[in-house]
Amino acid sequence: MPTSLTLDTARRDDGKLSLIAVGEIDLSNIDAFSQALSAASTEAGSGGGKFTVDLSAVEYLDSAAINALFARADDIDLIANPVLLSILSVSGLSELVDVEAAPPPAGG
């Protein structure tokens, strides 16, 4: 059974493209995540820059998700849920990609 994942793209106030993921990213939905990364990379590339992958609302990444992010390391910056910071560090991804911790949820 596929894990719940919602993917959307938007332009931030500064005009930078952002891919926003909500849910969990694992083997059951990695194809959709990889396709969204590829599409965002193509769209951002036409604008001449990197794009942001917003994982603020993601609480779980498996190794397939980490590999997909590694494959796009030259194209992305990350905003990550604080629970993901240790896995991004241990995997070495934070050495290649700018990672910003997401602010805590309002009222939390």
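## Exercises on a sheet and its core

Leaving aside neighbours within four places in sequence, Leu-69 is in contact (heavy atoms within 4.5 Å) with Phe-33, Leu-37, Val-53, Leu-55, Leu-61, Ile-76, Leu-78 and Leu-93. The model is predicted, so that local features need pLDDT of at least 70 and side-chain atom pairs count only at pLDDT 80 or more, while totals for chains, interfaces and linings use all residues. Residues are numbered from 1 along each chain as its sequence is written, and side-chain values use heavy atoms, with hydrogens and water left out.

**Exercise 1.** Place Leu-69 in its helix and in the largest nonpolar core.

*Solution.* Begin with helix α2, residues 63–71, in which Leu-69 is buried, as are Ala-64, Ala-65, Ile-66 and Ala-68; helices (H or I, at least four residues) and strands (E, at least two) are DSSP runs, numbered from the N terminus, and buried means under 20% relative accessible area, exposed over 50% and partly exposed in between, with a 1.4 Å probe and protein chains only. Next, take the largest nonpolar core, which has 28 residues and in which Leu-55, Leu-61 and Leu-69 have the most contacts; such a core is a set of buried Ala, Val, Leu, Ile, Met, Phe, Trp, Tyr and Cys residues joined through side-chain atoms within 4.5 Å. Two or more residues of this core come from each of β2 (17–25), α1 (30–46), β3 (51–61), α2 and β4 (76–80), and α1 gives the most, with six residues.

**Exercise 2.** Describe the sheet, and state how α2 is placed against its strands.

*Solution.* First, establish the order: five strands form an open sheet, β1-β2-β3-β4-β5, with mixed pairing, where two strands pair if DSSP finds at least two bridges between them. β1 and β5 (99–101) each have a single partner strand and stand at the edges, so one side of each is left without a neighbour in the sheet. Then consider β2 and β3, which pair in the parallel sense over seven bridges. Finally, α2 lies across β2, β3 and β4 and runs at about 170 degrees to β3, given that axes are lines fitted to C-alpha atoms, for helices over the stretch in contact, and angles run from 0 to 180 degrees between N-to-C directions.

**Exercise 3.** Is Asp-8 buried, partly exposed or exposed, and which residues does Asp-8 touch?

*Solution.* Locate Asp-8 in strand β1, residues 5–11. Its relative accessible area is 47%, and Asp-8 is therefore partly exposed. Not counting residues up to four places away in sequence, Asp-8 touches Ser-18, Leu-19 and Ile-20.
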